[in-house]
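Reader: I have a model open and want to learn to read its features. Where do we start?

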Amino acid sequence: MVSSTYARRTASAAKPFILRPSERDELSTIIIRSQNSIPSTQPQQIPLKKSLKTDQNVNVNDALKAFDDMLQLQTQPPISSFNTVLGTVSKAKRYRDLFIMFDRMAEVDLLPDYIGMHILLNCYCDLKRVGLGFAVMGGIIKRGYRPNIVTFTSLIKGLCLEDKLGDALCLLRKIIGFGFRPNVKTWGTLVNGLCRSGNANVALRLHEEMRNGTVGFDLKFDPNLIYYSCLIDGLCKEGLVEKGEELFREMEGRGISADVVAYGALINGLCRIGDWERGRDLFFQMMDRGIRPNVVTFNMLIDALCKEGKTDEASGLLDFMIRRGEKPDSITFNTLIDGYCLERRIGDARKLFVSMRDEGHERDVASYNVLINGYCKCGRSDEAMSLFKEMLCNKYKPTVITFNTLLTGLFQKGKVKDAQELYSSMKDYDLTPDSATYSILLDGFCKNDCLEEAIEFFQTLEKSGYKPNSVTCNCLLDGLCKAGKLDLASELFGRFSEMELAPSAYTYSIMINGFCKGGQLEKANNLFSEMEKKGCAPDVATFNTLMRGFCDNNDADKVVELLHLMAERNFVPDSYTAAIVVDLLSKDESYLKYLELIPRFYDKGEEIEDKMNTECR
């Protein structure tokens, strides 16, 4: 990425190392050695934040010009002046310029001090090059500086960004053992990394260790609002809303007042689990406390209301939002448009879409995509295509999602030729079809009795070097089975291993259904047995598929046998299972003897079983 003179010099001064299990001892040795060997006359460190505060009003281009001017001076300015411009460029994330600046400093033998080296280390961590960050830290130690908690916090951030969470936790515990005291930013960095990677439970356990003092070393734990908001948000996004609520109460118990971000995290969590009423109550509580909701908070509630089919209430909330002086964004409108479409209120969706332009609200590609999807789902593909043309006239570039939505709508209306022409036009917009596009085409061809086109298209994909995934293959497999082309279907199914694909329960269900429909029950039953031997457990749909085949063949013994197998494995039968049994027992009075042989299902299955028995009797 960067071949800077300074980076090379740093690497030669201290061997680069990444905190891997085999190299953790190296870090320990370096730190211990540096702490024991650094004399009391080591260079005085200037507080990092203080030295960089002066750059907050400096323009990046001005900083780059100032850097050029400073290098031309006969008497070099103090290194703190260089740190100011380096910090400005770093904060602007102009990393390429920053590395060039370090190279130029090295060319005139101007080596950065601790602050400058920390800036470089932090940039490497931001770029997910934490190995180079550790190399710079080695240089810091070799130069006689003692790394502080700010340095280690940057390294922990870098490890988290590279998803090396185990290494990040290990580094934290090691530096605590070496006498460093993590601050709230250190804890927040690690908690944020854990939550972003879907490990909010681990973050919560770490929080509880700190709160209860079980980490040891007499560490002071003083979390702030940002820390709590991050952890609450992580827990709520993973569905652990009760834990998030507990943490919210704990935060307020510490005298930390929640802000719009903390409230928003909890409101979002409640809405995600479908508890929009409690989310609404929390929203009112927030306003009663004088906390002004922002557009993100409003969007959360509008989305939750739309998902509950309460678009009128969502529309009222949008009006309230505007009256309160909060400007809605495109997400607000797109959410409500989608809500109208879900309720098949396409006229209201179109009216809102038009009002966005008339009232000065900016529409985006997603706005068009949402309304196009609404038209397609209502079977109005002609209007969807008209909107697509309007989109192009207004200079909006369509996305792959736009094409996938339109292709689905056209195939549903049987417009195969139009779909083919639309697909061919994707290259005109520099768009590359994705796996979903290919699956839509194969599924569309098959469902419109264009099996030859589907086979030809699949072969073209393979010849082009595209590796079909299981979803794409399942589309063609389903089409072949439903067309009675079981030999071709078996051939494709047999190639799964060759294509490095593992058949799913759905794949097996397709094949089993095909064999059952083709009167080849023995093959269907053998395939059912084979799937388990190959490590693919059948699901309820697989059982239902095979039972339907035996039911249609009047083989009640096999149906009962499969029901017992379901019960043994604690499967919960669904209404389709009940319908199969009812169909079988209703065929003839002689089949009623099997009623007593039906196994007992527990938990949710009790309700289904009662339904079966009631309807059968």
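Reader: Is Gly-444 buried or exposed?

Author: This is a predicted model, and burial is judged by relative accessible area. Under 20% counts as buried. Gly-444 has 4% relative accessibility, so Gly-444 is buried. This glycine belongs to helix H25.

Reader: Which residue's C-alpha atom is 7.4 Å from that of Gly-444?

Author: Gln-412. The two residues are 32 positions apart along the chain.

Reader: Now aromatic pairs. How many are there?

Author: The rule looks at the distance between ring centres. It gives 22 aromatic pairs here. Take Tyr-423 and Phe-457. Their ring centres are 5.8 Å apart and their planes meet at 85°, so this pair is edge-to-face.

Reader: Which parts of the chain does that pair tie together?

Author: Tyr-423 is in helix H24 (residues 416-424), and Phe-457 is in helix H26 (residues 451-463). The pair therefore ties together parts 34 residues apart in sequence.

Reader: What is the relative accessible area of each partner?

Author: Tyr-423 has 21%, so this residue is partly exposed. Phe-457 has 12%, so this one is buried.

Reader: What about the rings of Tyr-438 and Phe-457: how is that pair classed?

Author: Plane angles that are neither under 30 nor over 60 degrees count as tilted. The planes of Tyr-438 and Phe-457 are at 50°, with ring centres 6.0 Å apart, so the pair is tilted. Tyr-438 lies in helix H25 (residues 435-447) and Phe-457 in helix H26, so parts 19 residues apart in sequence are tied together. Both Tyr-438 and Phe-457 are buried.

Reader: Which residues do ring pairs link into a cluster?

Author: Follow the pairs from ring to ring. The cluster holds Phe-411, Tyr-423, Tyr-438, Phe-445, Phe-457 and Tyr-466.

Reader: Rings can also face a charge. Which charged end sits over the ring of Phe-353?

Author: That of Arg-363. The charged end is 4.1 Å from the centre of the ring.

Reader: Last, the largest nonpolar core. Which residues touch the most other members?

Author: Think of a core as a network of contacts, and look for its best-connected members. This core has 188 residues. Leu-155, Trp-187, Leu-190, Ile-337 and Leu-371 touch the most other members. Helix H7 (residues 114-126) supplies the largest share, 9 residues.

Reader: What does Leu-190 touch, leaving out residues up to four places away in sequence?

Author: Leu-190 contacts Ile-156, Cys-160, Ala-168, Leu-169, Leu-172 and Leu-206.

Key
Residues are numbered from 1 along each chain as its sequence is written. This is a predicted model: local features need pLDDT of at least 70, side-chain atom pairs count only at pLDDT 80 or more; totals for chains, interfaces and linings use all residues. Side-chain values use heavy atoms; hydrogens and water are left out. A nonpolar core is a set of buried Ala, Val, Leu, Ile, Met, Phe, Trp, Tyr and Cys residues joined through side-chain atoms within 4.5 Å. Buried means under 20% relative accessible area, exposed over 50%, partly exposed in between (1.4 Å probe, protein chains only). Helices (H or I, at least four residues) and strands (E, at least two) are DSSP runs, numbered from the N terminus. Contact means heavy atoms within 4.5 Å. Rings of Phe, Tyr and Trp (its six-membered ring) pair if their centres lie within 6.5 Å; planes under 30 degrees apart count as stacked, over 60 as edge-to-face and the rest as tilted. A charge sits over a ring if NZ of Lys or CZ of Arg is within 6 Å of the ring centre and within 35 degrees of the ring normal.
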